[in-house]
Amino acid sequence: MSQQGQPSGMPGMPQMPGMPGMEAPQGPNPKPPIVMKGFWIFAKKCCSQCEQLLDKTWDQCPYCVQAAQPVAAAPARPLTVRTQAFGGDGVRLLGWIVPLQGTQRGELLTLSPVTTVGTDPMCTIVLGDKFMSSRHCEIKAENGVWVLRDTGSTNGTYVNNRRVDRQELVDNDVLKFGNALVKFKSL
């Protein structure tokens, strides 16, 4: 015992939670610093926490954001957007769209199993673009893949500069809704 009546830590003995010198366990940092690895033109963006290679347009690590979500404090209002989807075969899908321009540039907008994109506030993802329809398109998890479907928009939906009505998406596809350009990312 120490002079103040507190048990002193003995060398080689594990301490109990709540004892002086013990820190509460913490989950992964949802916004770890981004570091550059490599030299000069070969440098790549990496997460300092999970060491995953990141797209050059990202300003945060989506892997750590996803891992930290269950440990994060309860939100002020209930979340309506889920960060995962399950295809018909039970495969877990994670997907994001990342605006490449405008005020939302670089934000990770998480896809739910059925995501509506448009200017209407009732859409899952709302993008401010005057050439976009109120309910422009839908991105849905189907049989283990993400499928984009135009919902009768006036100015069309494009995947990699090609107008589509329905298109299966792959990682790094560039999507265009009206004049809004976004990059599709998935795990």
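**Exercise 1. The nonpolar patch**

Task: In this predicted model, find which residues form a nonpolar patch on the surface, and place Ile 41.

Solution.
- Step 1. Pick out the members: Phe 39, Trp 40, Ile 41 and Phe 42.
- Step 2. Take their accessible area together: about 610 Å².
- Step 3. Locate Ile 41. This residue lies in the loop between strand 1 (34-37) and strand 2 (44-47).
- Step 4. Classify Ile 41. Its relative accessible area is 60%. Exposed means over 50%, so Ile 41 is exposed.

**Exercise 2. Strand 5 and its cover**

Task: Decide how many residues of strand 5 are buried, and how they divide between its faces.

Solution.
- Step 1. Strand 5 spans residues 95-99. Five of its five residues are buried, so the strand counts as mostly covered, where buried means under 20% relative accessible area.
- Step 2. Recall the general pattern: side chains in a regular strand alternate between the two faces of the sheet.
- Step 3. Sort the residues. Gly 95, Ile 97 and Pro 99 are on one side. Trp 96 and Val 98 are on the other.
- Step 4. Conclude: both faces of strand 5 are covered.

**Exercise 3. Partners of strand 5**

Task: Which strands are joined to strand 5, and in which direction do they run, parallel or antiparallel?

Solution.
- Step 1. Start with strand 15 (residues 180-186). Five bridges join it to strand 5, and the two run antiparallel.
- Step 2. Fix the register there: Gly 95 stands opposite Ser 186.
- Step 3. Turn to strand 6 (residues 109-110). Two bridges join it to strand 5, again antiparallel.
- Step 4. Fix the register here too: Trp 96 faces Thr 110 across the pair.

**Exercise 4. An open sheet**

Task: Give the strand order of the open sheet of five strands, and say which strands stand at the edges.

Solution.
- Step 1. Read the order: 8-7-9-10-13, with mixed pairing.
- Step 2. Find the edges. Strand 8 (125-126) and strand 13 (166-169) each have a single partner strand, so one side of each lacks a neighbour in the sheet.
- Step 3. Look at one pairing within the order. Strand 7 (residues 114-118) and strand 9 (residues 137-142) run antiparallel, joined by four bridges.
- Step 4. Add a register point: Val 117 stands opposite Cys 137 in strand 9.

**Exercise 5. The whole chain**

Task: Summarise the secondary structure, burial, contacts and surface of the protein chain.

Solution.
- Step 1. Count elements: one helix and 15 strands.
- Step 2. Check burial: 34% of the 187 residues count as buried.
- Step 3. Check contacts. Of those between residues at least 6 apart in sequence, 37% join residues at least 24 apart.
- Step 4. Check the surface. The accessible area is about 12,000 Å², and carbon and sulfur atoms hold 54% of it.

Definitions and conventions: Residues are numbered from 1 along each chain as its sequence is written. This is a predicted model: local features need pLDDT of at least 70, side-chain atom pairs count only at pLDDT 80 or more; totals for chains, interfaces and linings use all residues. Side-chain values use heavy atoms; hydrogens and water are left out. Buried means under 20% relative accessible area, exposed over 50%, partly exposed in between (1.4 Å probe, protein chains only). Contact means heavy atoms within 4.5 Å. Accessible areas come from the Shrake-Rupley method with a 1.4 Å probe; for residues, only the protein chains shown count as cover. Patches are made of residues with over 30% relative accessible area and no salt bridge: like charges are joined within 9 Å, nonpolar side chains (Val, Leu, Ile, Met, Phe, Trp, Tyr) within 5 Å. A salt bridge is a side-chain nitrogen of Lys or Arg within 4 Å of a carboxyl oxygen of Asp or Glu. Two strands pair if DSSP finds at least two bridges between them.
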